[in-house]
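Colleague: Could you pick one part of this model and walk me through it closely? Add a bit about its surroundings at the end, if you can.

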Amino acid sequence: MAMDQARSTISKIFNGEPRSYTRFNLTQNMEGDNSQVEMKLSSDMDEEAEGNGVGEHMNHHPRPSHVSKPSQRSPRNICFMGIAILLLFIIGYLVGYLAHRKADKANTSCAETTDDGEVMAPIQTVLSLDWSDITALLKSKLTTDSIDKSLSDFSSESHQAGSPGDEVLANKLMGRFKDYGMNPWTDEHFVRVQDRPSSGTNKVTFQNKTYAESGFLAYSATGSAQGAALYAYYGQVEDLRRLQDFNIDLTGRVLLVRAGRISPAEKVANAARMNASAVLIYPDPADYSFEKDTDLFGHVHLGCGDPYTPAFPSFNHTQFPPAKSSGLPAIPAQTITASTAAAIMKGFGGRNPPSGWGDGGLRDVPYKLGSDSDLITVEVNNVLTEKKIHNVFGVIKGFVDADRYVVIGAQRDAWGPGYASSTVGTSLLVELARTFSEMISKDGFKPRRSVVFASWSAGEYGAVGATEWLEGYLSSLNMKAFAYISLDGVVTGSSFKASASPLLYELIQSTLKEVSLPTDASKSLYSQVAGSNWEASVMQPMRMSDPAYPFQAFSGIPSVSFRFTSDKEYPFFGTLLDTKRNLDSKIFNLRALTKTAGEIAGQMALRLMHDHLLRLNVEKYTNIIRSKVAQINREVIILQSSGRVPKTLKMQWLMSALGSYSRASRNLNTNIQNSDLEDYEQCRIINNRIMAVERDLLSPYVSPRETPFRHILLGSGSHTLEALRAHLAAIKEGSASGNIDLLRNQFALATWTIQSCANALAGSVWEMDNEI
């Protein structure tokens with residue numbers, strides 16, 4: 001630049017030769033991948049290069065010193081020399097200024113625009129802090145004192161979805177996000193939810209005695225149902241099959257089941273499939289350590305979001321269509337207290353239950369299965385109401401890929417105080433937003449990608465607020481949101497567990513290695529779980545009741561929810577006893593654990609925002625698909641040998657699709673090894689291919705309205721590989737549900753879903769392997 005030339009001239013006049021330095025290019029190893037990385041003075045590529053050094057300035061070589069002679073110049077000559085130097089300086093400065101303005105204009109003209117027309121940052125290297133500085137800032141700014149203050153500010157005794165208390169918290173969040181310069185906004189939805197009767201109660205009648213219950217299950221079928229009582233343990237599929245093994249017909253029975261292990265929605269769906277007439281759910285003292293008169297609250301929609309606007313958003317409250325989710329139960333369901341359950345079960349007759357089922361904590365209760373004469377009547381009078389809810393958002397924009405973002409979210413509402421279920425998560429959301437904002441405004445952190453902070457309402461009704469947002473913006477979200485991190489229920493114990501997309505397993509592992517134990521800063525969290533198989537110790541399946549599930553299985557966004565938990569479920573979820581006092585009674589170091597949870601979420605988000613390439617491991621799905629295909633292959637071979645499946649059913653096409661995905665994922669890693677991470681466009685193309693994997697594992701062959709969770713590996717429905725395997729099991733058992741034509745159809749659709757994902761991962765059409 002001209003400015004540099006002018007400065008060089010002046011430097012020569014006064015000091016001789018100017019100081020110089022060199023920037024180095026070298027090939028580095030990034031987790032096994034060779035990448036061309038430019039060495040930068042900020043050393044912001046240290047961590048990605050795994051410990052390689054930073055480029056150094058070339059040493060300045062001073063000129064040899066000479067003995068000076070007395071000046072022969074007159075005062076007049078010295079004056080002329082000074083004027084000349086001043087003129088040179090002014091001319092150089094003006095030239096440099098004009099050249100700088102021209103460069104700025106050129107950079108602006110080269111700036112890209114997003115798909116929405118938003119002008120992005122110019123394509124240039126963004127000098128940021130190195131990774132060790134970033135993590136140090138996160139740990140220093142996210143303090144227990146600041147978390148305590150937010151916990152106090154966002155605690156509320158009453159903030160049920162759509163209530164004044166919920167709105168107060170939403171306004172507080174808007175104020176905080178404004179203070180952090182995040183330009184917050186809200187989404188308003190009009191949703192239909194089911195609440196307990198405004199007058200009267202739900203009732204259970206047994207042996208001419210009626211019990212009025214204050215707890216309730218949203219989205220239950222309403223009305224009255226009667227049938228013979230049947231104790232069905234936890235209401236899991238295997239529990240109901242054991243009853244069938246006892247030659248017990250479940251048709252028309254009222255099932256009495258314990259709370260826990262699976263969600264109420266799954267319990268009711270299992271019972272409905274067995275043609276039961278109603279379900280009663282109670283907290284057994286063996287599982288729940290609270291008073292026997294404690295009410296339970298929950299929902300029984302086998303799905304997420306507003307069940308009366310399936311697969312589309314509840315934006316316009318004046319035009320509710322005549323539609324409802326296939327996940328709504330057709331039978332009544334009601335929670336009862338432990339004292340009501342004890343009173344009813346004392347009157348049960350019938351046979352003894354299977355071994356292990358009688359280990360409950362109800363005193364003086366025989367735990368019989370119940371006889372045909374033990375009639376129970378269940379009356380549910382829940383009321384369907386319309387509520388206005390608000391989701392609150394704030395954004396910190398990236399400096400390179402501003403239109404690509406990670407979402408960090410937390411549920412805001414609760415049945416009662418909801419301290420563990422919502423207050424802790426909401427407080428961490430606010431504290432992470434503050435921390436990230438300060439790192440950018442005060443410390444020079446410049447993330448490549450953006451982060452969206454989201455506060456959801458109506459989470460207690462089945463992630464309603466989050467799902468309605470996903471439904472409203474699905475077309476853009478699954479193209480631009482590359483990850484979701486849930487903060488719901490993050491601290492209820494001291495053992496770390498997580499549920500996540502397999503793409504995120506590697507990121508979780510590296511985070512555990514960098515975050516310290518809350519009780520010992522010299523050891524990492526990973527030291528607690530390190531062993532031959534850390535995944536078996538930490539990772540759990542993502543269930544439909546998981547707050548991250550709609551992001552993962554409905555929208556195809558790689559998601560993670562994590563928690564510090566204990567062997568037993570936290571007993572106060574779904575009750576009015578979820579208070580700070582009760583959480584403190586279960587955890588002795590709540591403040592430290594909460595800070596550690598914030599560091600985990602913050603560090604995962606920062607890593608995804610900071611690195612040139614998204615830390616999502618696409619090869620992880622290869623082993624998962626291979627395992628599923630191998631199980632299916634074994635079943636097919638057995639059934640073909642017995643003649644139950646024709647020999648014409650070939651496995652080669654499904655195996656070929658698996659091979660295509662395996663090759664595509666390996667080729668992508670090869671491309672990464674040979675890529676220049678300083679090439680903006682190349683990184684963006686690779687990241688787009690990585691982002692497409694989860695989205696392309698959503699089956700395009702089923703309706704989102706009828707089968708919203710379309711993910712073939714983690715979803716639910718006949719399109720999944722697990723359903724294909726279950727169909728083979730039904731044929732093996734001689735079940736009437738076995739159908740060879742339907743089986744062929746399942747094979748074809750599963751094959752082409754995997755193959756399509758492999759094609760997209762391979763890149764441009766001229767690079768695809770067209771073997772199938």
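Modeller: Sure, one bit of bookkeeping to start with: two strands pair if DSSP finds at least two bridges between them. Helices (H or I, at least four residues) and strands (E, at least two) are DSSP runs, numbered from the N terminus. This is a predicted model, where local features need pLDDT of at least 70 and side-chain atom pairs count only at pLDDT 80 or more, while totals for chains, interfaces and linings use all residues. Residues are numbered from 1 along each chain as its sequence is written, and side-chain values use heavy atoms, with hydrogens and water left out.

The part I'd pick is strand β20, residues 559–565. It belongs to an open sheet of 7 strands with mixed pairing, in the order β3-β13-β15-β14-β16-β20-β17. At the edges sit β3 (185–195) and β17, and each of them pairs on one side only. Going from strand to neighbouring strand, the turn averages 20°, direction ignored. (Axes are lines fitted to C-alpha atoms, for helices over the stretch in contact, and angles run from 0 to 180 degrees between N-to-C directions.)

Now the two neighbours of β20. With β16 (residues 481–486), β20 pairs in the parallel sense over 3 bridges. If you want to find that pairing on screen, look for S486, which stands opposite S561 in β20. On the other flank, β17 (residues 495–500) pairs with β20 in the antiparallel sense, over 6 bridges. Two spots to click on there: A498 stands opposite F562 in β20, and K497 stands opposite R563.

How covered is β20? Of its 7 residues, 7 are buried, where buried means under 20% relative accessible area, exposed means over 50%, and partly exposed is in between (1.4 Å probe, protein chains only). One way from the strand point S559, S561, R563 and T565, and the other way point V560, F562 and F564; all are buried. So that group pointing one way includes R563, the residue facing K497 in the pairing with β17.

Next, what packs on this sheet. Helix α9 (residues 419–443) touches β13 (383–396), β14 (401–411) and β15, and its direction makes about 150° with that of β14. Contact here means heavy atoms within 4.5 Å. Helix α10 lies across β3, β13, β14 and β15, running at about 70° to β13.

Leading into α10 (464–472) there's a backbone detail: the loop from β15 (449–456) to that helix holds A458. Its phi is near 60°, a positive value in a residue other than glycine. Most residues other than glycine have a negative phi. A458 has a relative accessible area of 1%, so it counts as buried. Elsewhere, Y233 has a positive phi of about 55° and is not a glycine either. You'll find Y233 in the loop between β7 and α6 (237–245), and at 8% relative accessibility it is buried too.

As for the surroundings, there's another open sheet of 7 strands, also with mixed pairing, in the order β5-β4-β12-β7-β8-β9-β11. Its edges are β5 (209–213) and β11 (333–335), each with a single partner strand, so one side of each has no neighbour in the sheet. The twist there averages 30° from one strand to the next. At the β5 end, β4 (residues 202–206) and β5 pair in the antiparallel sense over 5 bridges, with V204 bridged to Y211 in β5. Helix α8 (residues 338–345) lies across β4, β5, β7 (223–231), β8 (254–258), β9 (278–282) and β12 (375–380), at about 160° to β5.

Further along the chain, α19 (residues 652–673) packs with α20 (residues 680–696) at an angle of about 150°, axes 11 Å apart. The contact is made by Y661, L668, N671 and I672 of α19 and I686, R689, I690 and V693 of α20.

For the overall picture, the protein has 22 helices and 20 strands. Of its 772 residues, 54% count as buried. And among contacts between residues at least 6 apart in sequence, 77% join residues at least 24 apart.
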